[in-house]
Amino acid sequence: MPQNPLPYKEKEPTGKSGANDSPADAEHITGFGTRRGENSKARLTGDLKPDSSVPTVPPAAEPDDAFGLAAETGVGAERRAIRTSGTIGDGPYGRAGDGTGDFDFYRLSAGATPVTFSARTLTPAGDLDTLLALYDRNGLWAINDNVGGSTDSTLTFTIPPGREFFLMVGSGPFGLPSDPTKPGTGGGAGTEGPYELAITSGKSGGDLDYYSVDLRAGDVLGASVAGGGTRLAVYDPAGREVFGSSQDATAIFSTASPMPGGGNAVVDFVAPKAGRYRLGVETGENAYDIKLEAFRPGTETAPRGNVHTIFLDFDGARVNTSIFGTGGGIRDLSPLSAFLPRWGLTAGDERALTDAIIAAVKENLERDLIAKGTNPRFALRVLNSRDHADPWGQPNVSRIVVGGTTVESGIHTIGIAQSIDAGNFGKEETALVLLDEISSPAGPAWSLNTYLGTGGDRIAFVGRAVGNITSHEAGHMSGSWHTDLSNAVPGIMDPGGDPAVIFAVGPDGRGGTADDPDLDLVEEGISPAEGFTGIEDTLNRSAWAFVRGTG
């Protein structure tokens with residue numbers, strides 16, 4: 001029978017601050033957890049005292065539709081935060097003007113150290129459906145078009161030191177200028193109307209509220225805040241931020257996920273070890289309402305003894321690509337064997353190449369997670385279409401199709417997973433590793449042939465690279481977001497901005513040579529472009545996704 005959430009009301013009086021404003025002073029929620037006799041759901045209600053120190057800045061003068069016309073905010077340099085307002089449609093490029101679309105740009109900067117910003121729009125009246133986008137001089141950095149279904153938008157991002165960025169307010173869905181350096185380059189006017197905008201650097205600086213909970217190793221924690229709270233952050237027992245969010249990205253979750261969503265900000269987190277964790281409400285004003293819930297991993301609750309299977313399908317497959325949120329439909333994908341000649345390989349090399357791909361996947365998803373992870377009950381079965389009967393369609397079986405092209409699939413990408421699923425609740429999902437771009441003629445950064453020179457082991461390089469991409473998509477299905485490509489820590493979950501990283505090309509720039517590194521699931525910063533902040537333990541997110549069933 002479903003539990004009623006454990007009610008908890010903040011002890012700090014409404015309109016006051018200072019009592020629970022740091023993780024060290026967090027209010028502890030007794031009785032919450034996944035142990036027998038505890039309640040795995042809680043409803044937290046509290047209040048953030050309005051910050052009277054934040055200045056309200058008058059609306060920027062039009063036109064402000066390009067980098068060179070951006071309004072100066074001072075946030076990140078002279079100011080910690082501002083409030084301002086504007087209107088989409090009041091300039092020369094709205095419906096009443098030339099109809100190309102109105103955009104409002106705001107300038108942001110960081111000093112000698114990185115600065116984390118949060119931006120949020122409110123649409124008090126009218127038809128405007130806002131969109132927030134972040135640019136640097138080289139192009140688009142991050143975007144949010146209210147994935148939670150609201151007409152308001154939120155965006156959290158970290159600016160590297162000494163860099164200048166531009167925050168753009170526009171109208172959704174995904175209406176962007178073709179050239180943000182030139183006004184009047186939009187594709188048409190979308191929804192229009194007034195908006196309010198709050199931009200904050202760092203934490204709010206005003207009232208902050210923190211709560212603590214005791215988690216078991218492997219607990220999957222989810223929280224969603226509605227009302228006046230606009231940012232949540234989780235801190236581990238050592239005091240590190242391990243997941244911060246000012247958005248609801250649950251549209252990317254598995255449809256089988258039981259995690260909470262629907263608020264201004266949603267966090268998801270997998271505890272790598274038992275301990276006391278903190279949840280902070282770090283921006284916003286006035287009353288808020290938090291849904292806080294904890295779960296055991298989806299595979300652990302499967303029938304006793306069950307082991308999750310990942311099936312590597314090299315034979316081609318028929319896939320309904322609408323599961324990837326791209327529209328699509330039923331598509332036939334060609335097998336791995338069709339791409340061998342494009343890498344200079346023959347039919348006689350197929351077994352060795354398949355062996356190399358399987359070995360890379362097993363090293364990344366089995367051996368490393370057993371050796372380095374904190375899950376003592378780790379269990380995963382990796383099967384493949386060459387050596388095993390196809391188990392796809394059976395319970396507790398996910399598949400990764402290694403084959404097909406962007407044209408066949410209708411998806412312009414190299415790899416895509418059906419979901420990002422902390423806790424691995426969607427245990428029967430599909431991912432694709434498409435092979436046309438990475439087998440194209442040498443030249444493009446995304447072609448493996450670009451890195452294949454003389455003296456390299458062609459089969460070993462292609463096998464490891466495809467195995468790493470396959471492991472990356474499995475990492476998404478087992479709960480990891482992208483990690484920060486710009487730091488000095490390479491990892492399996494780094495995004496595709498530098499293909500040589502995921503291909504594991506060594507310093508000599510050639511694949512299949514002795515200096516090629518071993519790429520792993522690691523602990524590192526989450527990708528700034530993801531809209532989240534904190535340190536992400538991709539190793540243990542996956543390690544705890546695969547637990548031998550005890551149900």
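Visitor: What is the strand order in the open sheet of five strands?

Guide: Read a sheet from one edge to the other. In this predicted model, the order is E4-E6-E11-E8-E9. The pairing is mixed.

Visitor: Which strands stand at the edges of that sheet?

Guide: Look for strands with a single partner. Here they are strand E4 (71-72) and strand E9 (139-144). Each has a single partner strand, so one side of each is left without a neighbour in the sheet.

Visitor: How many bridges join E4 to strand E6?

Guide: Two bridges join E4 to E6, which spans residues 104-109. The two strands run parallel. For a residue pair to find on screen, take Glu72, which stands opposite Arg107 in E6.

Visitor: Do E7 and E10 run parallel or antiparallel?

Guide: Compare the strand directions. E7 and E10 run antiparallel, and six bridges join them. Phe117 has Phe157 in E10 as its bridge partner.

Visitor: Is strand E10 mostly covered or mostly open?

Guide: Check burial residue by residue. E10 covers residues 154-159, and five of its six residues are buried. That makes E10 mostly covered.

Visitor: Now single residues. Is Thr354 buried or exposed?

Guide: Start with the element, then the accessible area, then the contacts. Thr354 is found in helix H1 (residues 350-372). Its relative accessible area is 2%; buried means under 20%, so Thr354 is buried. Leaving aside neighbours within four places in sequence, Thr354 is in contact with Phe314, Leu336 and Arg386.

Visitor: Where is Pro237, and why is it called partly exposed?

Guide: Pro237 lies in the loop between strand E14 (220-235) and strand E15 (241-245). Its relative accessible area is 36%, which falls between the 20% and 50% cut-offs, so Pro237 counts as partly exposed. Beyond neighbours within four places in sequence, Pro237 is in contact with Gly275, Arg276 and Tyr277.

Visitor: How far is Pro237 from Ala514?

Guide: Take separation along the chain and separation in space as two readings. Pro237 and Ala514 are 277 residues apart along the chain. Their C-alpha atoms are separated by 40 Å.

Visitor: On to the interior. How many residues has the largest nonpolar core?

Guide: It has 49 residues. Those with the most contacts inside it are Trp343, Leu353, Ile400, Ile438, Leu448 and Phe503. Several elements supply at least two residues each, among them E18, H1, strand E22 (397-402) and helix H5 (538-543). H3 gives the largest share of this core, eight residues.

Visitor: Which residues is Phe503 in contact with?

Guide: Again leave aside neighbours within four places in sequence. The contacts of Phe503 include Ile438, Ala445, Trp446, Leu448, Tyr451, Phe461 and Ile469. Arg464 and Ser447 are also among them. Apart from the largest core lies another, of 41 residues, including Val213, Leu215, Val270 and Phe425.

Visitor: What volume has the largest pocket?

Guide: Read volume, lining and residue classes in turn. The volume is about 1300 Å³. The lining has 48 residues, of which Ile252, Ile416, Ile420, His482 and Glu530 lie nearest the centre. E9 gives the most to this lining, with five residues. By class, the lining has 25 nonpolar, 17 polar and six charged residues.

Visitor: And which residues lie nearest the centre of the second largest pocket?

Guide: They are Arg83, Ala198, Thr230, Gly284 and Glu285, out of 30 lining residues. About 580 Å³ of space lies in this pocket. Strand E12 (193-201) is one of the elements that give two or more residues to the lining. E12 contributes the largest share, five residues. The classes here are eight nonpolar, 14 polar and eight charged.

Visitor: How many cavities of 30 Å³ or more are there?

Guide: The count comes to one. The largest cavity has a volume of about 40 Å³. His308, Ile310, Ser398, Asn424, Ala474, Met477 and Phe546 line it. Strand E18 (308-313) and helix H3 (458-477) are the elements that give two or more residues to this lining.

Visitor: Which classes do the residues of that lining fall into?

Guide: Four are nonpolar and three are polar. No charged residue lines the largest cavity.

Notes:
Residues numbered from 1 in each chain as written. Predicted model: local features only at pLDDT ≥ 70, side-chain atom pairs only at ≥ 80, totals over all residues. Heavy atoms only, no water. Helix = DSSP H or I, 4+ residues; strand = E, 2+ residues; numbered from the N terminus. Buried < 20%, exposed > 50% of the residue type's maximum accessible area, 1.4 Å probe, protein only. Contact = heavy atoms within 4.5 Å. 1 Å grid on protein atoms, 1.4 Å probe; cavity = no way out; pocket = protein on both sides within 12 Å on 5 of 7 lines; lining within 4 Å. Points joined across faces, edges and corners; volume = space filled by probe spheres on them. Nonpolar A, V, L, I, M, F, W, Y, C, P; charged D, E, K, R; others polar. Pairing = 2+ DSSP bridges. Core = buried A, V, L, I, M, F, W, Y, C linked by side-chain atoms within 4.5 Å.
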